[in-house]
Amino acid sequence: MTATHIFHVPSMHCAGCMVKIEQHIGALTGVVAARVNLSRKELRVTAADGVKAGAVVAALDALGFPAEALDFEQITATDKTNPLLIRLAVAGFGMMNVMLLSVAVWAGADAATRQFLHLVSALIGLPILVYASAVFYVNAWRAVMRMRLNMDVPIALAIILAAGLSLYESLAGGQHAYFDAALALTFFLLLGRYLDMQARQKARSAAAHLAKMQTPTATHKHRGNLREISINALRPGMLVLVRAGERIPADGVIVKGQADADRSFLTGEAMPVALDVGAEVFAGELCLNGVLEVKISKTAHNSTLRRFIDLVEVAERGRHHYTALADRAAAIYAPLVHCLALLAFCLWLWLGAGVYTALTIAIAVLIITCPCALGLAVPAVMVSASARLFSRGALIKNATALERIAAVDCIIFDKTGVLTSGAFKPSNLDDWSPEELAILRALARGSRHVLAQNLNAVIPAGKIATLKNLAEVAGCGIGGTYKGSAVRLGKAEWLESPQESDRYLGFRWGDRGVKWLYFEESVRPEVPAMLARLDALGIPRILLSGDHTDAVARMAERLGFKAFYGGKNPAEKLAVIDACKAEGRVVLMVGDGLNDAGALAAADAAIAPASALDATRATADVILLSGAGAGGAGAGAGAGAGGAQLKALPDVLTVARQAKSRVLQNFALAALYNMIAVPLAFAGLATPLMAAIAMSLSSLTVVLNAVRFWNLGGNNMGGRAKP
């Protein structure tokens, strides 16, 4: 028997990484196959039942690729071909063939030939109309059953009446059949519907991505024996063992061991939390070093992570209540279309024109007023705007995103990972001697602590000291022996020093006094220019972070934020969003961490960099890719690219405002078309075929207006966007 395990491997970034991982993991005993999905940064391993996920994680870590196991049940199947695209292709095929037959009729075919061509058109057109237009029939029927009208009711009625009248004409040997008009109507309406689908991003719910943070199994310790069990079997009072690189399976209290833990999904901060006996831990936390024994206090279903997931789900449902501009217009337009068609039928019947003539005029009115232009007004603009923004490094993944962003009058930024890189750079290395730097480098290289890793990255290349007895003490620091003297790099209490800040590292060499390394958070290089462009747009901005209030205050002053909030957990962040909305503000939230997911979902609109975690990207309406013109950059880009990603943020706001203006222009064009065309159809001067041609021309006008030049001012970099 084999089982499939899926792992998230965030640090792989190229084909070389992919080959290295597949070859190394594929060679492990019991592994049948190892396949990497580079774009999703996932590794799928098929292995014998005896191969545990923890063993694969350990092998990846030894290879230099830290990973975490994902719940296989949370991974959905790959997307299948869009059925709407198939219907569109079938409608286009039928429209072209029936129009070719209509050319022969228009050329002056005799009565027998004309009837034969009409019958052939019926054989081609009727099955296609039944299949291709099914989406309109179903939606219209559901609306009628609920005693209401929508855009699909007049569409379905026009297609059915045009097809029915054409079939009658064909069987009776009449002069006119309108299968080509019905098929053209169907094709253009399906095109509008497909463009609307293209404007939407089929992203999984953020709550589903958050659920992937929950490790599927736990190592249960009972009477000295260890066994792997499902987290659903965990009960309060049970003991679980958590090793380095593993996630806490459920909320609990540490009864044995020390370690540093990554709690960023709650706080959003890169700084690890030191854990010791008696410390409370939460499901989803990542143990960075050491081994912990945790006494479970809550089941997995009642954990903090589970409550966090529920919080995001509630916020997501709230945003889904937003009604698109086109839908609001349709609520008025659909009843008006029916009334006009019914009025035309009744009027011409009253004037003595006969049922056939009155019905033909009513069908022409239905077709000429069919909401093709209205249906294309929004999706055509959204697709064009999405293409322009994609060329600038922003991916739109929600159909109503630009409508909501256009109304934004307040932007709230998370700090760490968005405006800052999450890295802490030592500011006083110039005060250290070459020998001290050599010792620091040797100590830092042996530690997994965030500050130590950052220190190792910035120490100038040079001599590295040779240390003996190098060992890391989880939650404290790292130490060794240099030329017979003890050297230590770590936290204040471990060095027996009164220093308090968690942004400092102390260094002790033998009997010498403690020497401190002071770390400053690095601001992404593109952030100042981006904020200046936002200020030019006149939109107030707020800094919101889970970091300590004093650190947030310093960063707010540094970047020119007039308002800021620090020390906020996920629920408190969401409360800040709700408070702003209660004041009447339209809020745009920009965040990247799991702790931002609830706030992102609660905001009127949300933006996340591609370096954000899966759950955050799923919640966001817009993903900022790795730099302007990042045409192939996908989600999961390295965190270091975040500053370049943020360059596109002002462009998103500018294009959103222009897109809203174009949508309104398209509505105006559609209204003008109806003001001219409807009286002609009402007066009996337009046949259903003429009505279909006029409807197609109005749709073309709307599309041309949607794809014209997008003006991004001085940052347009010249050139016209490709629609």
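In this predicted model, Leu685 is exposed, with a relative accessible area of 55%, and is found in the loop that lies between α23 (649–682) and α24 (688–707). Leu685 does not stand alone at the surface, since Leu672, Met675, Ile676 and Leu680 join it in a nonpolar patch whose members together have about 540 Å² of accessible area. Leu685 can belong to such a patch because its relative accessible area of 55% is above the 30% that patch residues have to exceed.

Two further exposed residues are marked by their backbone geometry. Asn469, whose place is in strand β17 (residues 468–473), has a positive phi of about 55 degrees, although it is not a glycine. The relative accessible area of Asn469 is 63%, and this residue is therefore classed as exposed, the cut-off for that class being over 50%. Lys483, likewise not a glycine, has a positive phi of about 50 degrees, but its place is in a loop, namely the one between β18 (477–482) and β19 (485–490). Lys483 is also exposed, with a relative accessible area of 67%.

Among the strands of the model, six form an open sheet in the order β6-β5-β7-β13-β8-β11, with antiparallel pairing. The edges of this sheet are formed by β6 (225–230) and β11 (280–281), each of which pairs on one side only. Strands of a sheet are held in register with one another through backbone hydrogen bonds, in either the parallel or the antiparallel sense. Within the sheet, strand β7 (residues 239–242) and strand β13 (residues 292–296) are paired in the antiparallel sense over four bridges, and Val240 has Val294 of β13 as its bridge partner.

Helix α3 (residues 83–106) comprises 24 residues and reaches 34 Å from its first C-alpha to its last, which is close to the 34 Å expected at 1.5 Å a residue. Buried positions recur along α3, and they comprise Leu84, Arg87, Leu88, Ala91, Gly92, Gly94, Met95, Val98, Leu101, Ser102 and Val105. In an α-helix there are 3.6 residues a turn, so residues three or four places apart point the same way. The buried set of α3 includes nonpolar residues such as Leu84, Leu88 and Val98, together with Arg87 and Ser102. After α3 comes Gly108, which has a positive phi near 105 degrees.

Key
Residues are numbered from 1 along each chain as its sequence is written. This is a predicted model: local features need pLDDT of at least 70, side-chain atom pairs count only at pLDDT 80 or more; totals for chains, interfaces and linings use all residues. Side-chain values use heavy atoms; hydrogens and water are left out. Patches are made of residues with over 30% relative accessible area and no salt bridge: like charges are joined within 9 Å, nonpolar side chains (Val, Leu, Ile, Met, Phe, Trp, Tyr) within 5 Å. Accessible areas come from the Shrake-Rupley method with a 1.4 Å probe; for residues, only the protein chains shown count as cover. A salt bridge is a side-chain nitrogen of Lys or Arg within 4 Å of a carboxyl oxygen of Asp or Glu. Helices (H or I, at least four residues) and strands (E, at least two) are DSSP runs, numbered from the N terminus. Buried means under 20% relative accessible area, exposed over 50%, partly exposed in between (1.4 Å probe, protein chains only). Two strands pair if DSSP finds at least two bridges between them. The expected span of a helix is 1.5 Å times one less than its number of residues.
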